[in-house]
Amino acid sequence: QVQLVESGGGLVQAGESLRLSCAASGRTFSSYVMGWFRQAPGKQRDFVAAIKWSSGSTYYANSVKGRFTISRDNAKNTVYLQMNSLKPEDTAVYYCAADRNYGGAYSRTYEYDSWGQGTQVTVSS
């Protein structure tokens with residue numbers, strides 16, 4: 001139901017960092033959740049990280065724990081994904097997603113009802 005605008009993708013070398021941004025339109029709600037997913041060519045869209053808007057609770061895929069950080073700016077209705085120590089296997093199209101009726105399945109694509117356009121992240125070795 002909300003519109004999402006993403007930015008921040010690009011080409012970096014292994015070990016470098018990127019920060020992705022996703023701005024959501026409209027008011028946020030207590031049940032609001034926002035997440036990041038990624039998809040490489042020929043592969044399924046996989047969960048990366050999610051954040052509950054009300055509490056700020058965060059969730060991460062095991063592959064990015066300790067390297068990626070999801071955060072929010074309530075005033076801007078924006079979620080960020082800080083990606084440090086990037087690896088070639090992080091190369092993918094990254095998608096921002098939102099759901100204003102969060103049911104708990106933060107790692108599943110069906111939980112979300114709005115998606116951004118996707119931004120390419122390429123990590124060279």
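Visitor: Before we look at strands 9 and 11, what does it take for two strands to pair?
Guide: Two strands count as paired once DSSP finds bridges between them, and the minimum is at least two.

Visitor: So how many bridges join strand 9 to strand 11, and which way do they run?
Guide: Keep in mind that this is a predicted model. Strand 9 covers residues 92-99, and one spot to check is Tyr 94, which stands opposite Thr 119 in strand 11. The two strands run antiparallel, and the number of bridges joining them is three.

Visitor: Which residue in strand 11 is the bridge partner of Gly 10?
Guide: Gly 10 is found in strand 2, and that strand runs parallel to strand 11, with four bridges joining them. Gly 10 touches Leu 18, Gln 120, Val 121 and Thr 122, leaving aside residues up to four places away in sequence. Of the residues in strand 11, its bridge partner is Val 121.

Visitor: Which residues make up the covered face of strand 11?
Guide: In a regular strand the side chains alternate between the two faces of the sheet. In strand 11, residues 119-124, the uncovered face has Gln 120, Thr 122 and Ser 124. That leaves the covered face with Thr 119, Val 121 and Val 123.

Visitor: Is Gly 10 buried, exposed or partly exposed?
Guide: Buried needs under 20% relative accessible area, and exposed needs over 50%. Gly 10 comes out at 24%, so it's partly exposed.

Visitor: What is the handedness of the disulfide of Cys 22 and Cys 96?
Guide: Their sulfur atoms sit 2.1 Å apart. The pair links strand 3 to strand 9, 74 residues apart. The torsion about the S-S bond is about -85°, so the disulfide is left-handed.

Note on methods. Residues are numbered from 1 along each chain as its sequence is written. This is a predicted model: local features need pLDDT of at least 70, side-chain atom pairs count only at pLDDT 80 or more; totals for chains, interfaces and linings use all residues. Side-chain values use heavy atoms; hydrogens and water are left out. Buried means under 20% relative accessible area, exposed over 50%, partly exposed in between (1.4 Å probe, protein chains only). Contact means heavy atoms within 4.5 Å. A disulfide is a pair of cysteine sulfur atoms within 2.5 Å.
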